[in-house]
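Visitor: Could you take me closely through the metal site, and then through the sheet that belongs to the same model?

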Amino acid sequence: MRVAQLGSGTPEIAVVAGIHGDEPCGVRAVERLLDDPPAVERPVKLVVANETALERRVRFVDEDLNRTFPGDPNAKTHEGQLAHRLVEELEGCLTFSMHSTQSHAEPFAIVNGISETAHEVVPQLPVVAMVETSNFSEGRLFSEIRTIEVECGLQGSETAAENADRLTRSFLTAVDALPGDTVGRDLPLFRLTDMICKDRADTYEVFVDNFTEVSAGETFAAADGDAQVAGESFYPILMSPNGYRDVFGYAAEKIDVLTSPPTAD
Ligand SMILES: [Zn+2]
């Protein structure tokens, strides 16, 4: 784990990259901040989490770090120990954690419950949606630390790295660590309700777009040509033919559209 800091004093804000070793976009954003450090108005902690997995370009060494929190100093796995150290490092910080995905090119935010902070900060980020995942938060960083996760774009893409940079600067501006104003936007808010499992198969197909409603009776995916038909309508989230081993993605309900508060001047 690499830990650095912008500004002096005890940080109450942190930016975390590399929770997953095969998602380099956030690391690029952190390195850019370190290469050319901006003058900050509040101290910011910068963390590159799973350096070993990053070096090997794998999601994890022993187990998925973002299913391992709170971790344990005596854990038998690399990620079990790392989770514990990361929680110690991030204690008391509002944390911005960057990921990337195989499911959706446009950035979106993931939060555990709709806190006042999420309500205020997320509509100031260049994201297309906010996804509330408290039904599925076990073992994830935000079960221990106040965290806003962002999916920056497609895994390994140049665009995801550029998005990570833009998202980080927007976050730091929204929390008054960087000067300037953010652009507010209306933001649809989704809550994950179900995991959509997939049967073991050689080929998987997904026929629908994330964040676009699927109607009851619609064929949304296939496993070896077997149609997967929606029993009831839902919004697909993090859905892709090859993202996860056992699941196509998640079903969500749309619960609100958030409007950003007007800039006070
Ligand atoms: Zn990730």
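**The metal site and the sheet**

Guide: Along the chain, the donors of the zinc ion follow the spacing H-x2-E-x75-H, where donors are N, O and S atoms within 2.8 Å of the metal (3.2 Å for Na, K and Ca), and sites may look incomplete since water is not among the atoms. This is a predicted model, in which local features need pLDDT of at least 70 and side-chain atom pairs count only at pLDDT 80 or more, while totals for chains, interfaces and linings use all residues. Residues are numbered from 1 along each chain as its sequence is written, and side-chain values use heavy atoms, leaving out hydrogens and water.

The protein donors are His20 (ND1), Glu23 (OE), Glu23 (OE) and His99 (ND1), at 2.0 to 2.5 Å from the zinc ion. Because these four donor atoms subtend angles of 56 to 153 degrees, the arrangement is irregular; four donors would count as tetrahedral with all angles between 85 and 135 degrees, or as square planar with opposite donors over 155 degrees apart and all others between 65 and 115. Histidine 20 and glutamate 23 are both buried, that is, under 20% relative accessible area with a 1.4 Å probe, protein chains only.

Turning to the sheet, 10 strands (DSSP runs of E, at least two residues, numbered from the N terminus) form an open sheet in the order β1-β3-β2-β4-β7-β5-β6-β8-β13-β12, with mixed pairing, a pair needing at least two DSSP bridges. β1 (2-6) and β12 (235-237) stand at the edges with a single partner strand each, so one side of each is left without a neighbour in the sheet. β1 pairs with β3 (residues 44-48) in the antiparallel sense over five bridges, and glutamine 5 stands opposite lysine 45 in β3.

Terms used. Helices (H or I, at least four residues) and strands (E, at least two) are DSSP runs, numbered from the N terminus. Four donors count as tetrahedral if all angles lie between 85 and 135 degrees; four count as square planar and six as octahedral if opposite donors are over 155 degrees apart and all others between 65 and 115; anything else is irregular. Buried means under 20% relative accessible area, exposed over 50%, partly exposed in between (1.4 Å probe, protein chains only).
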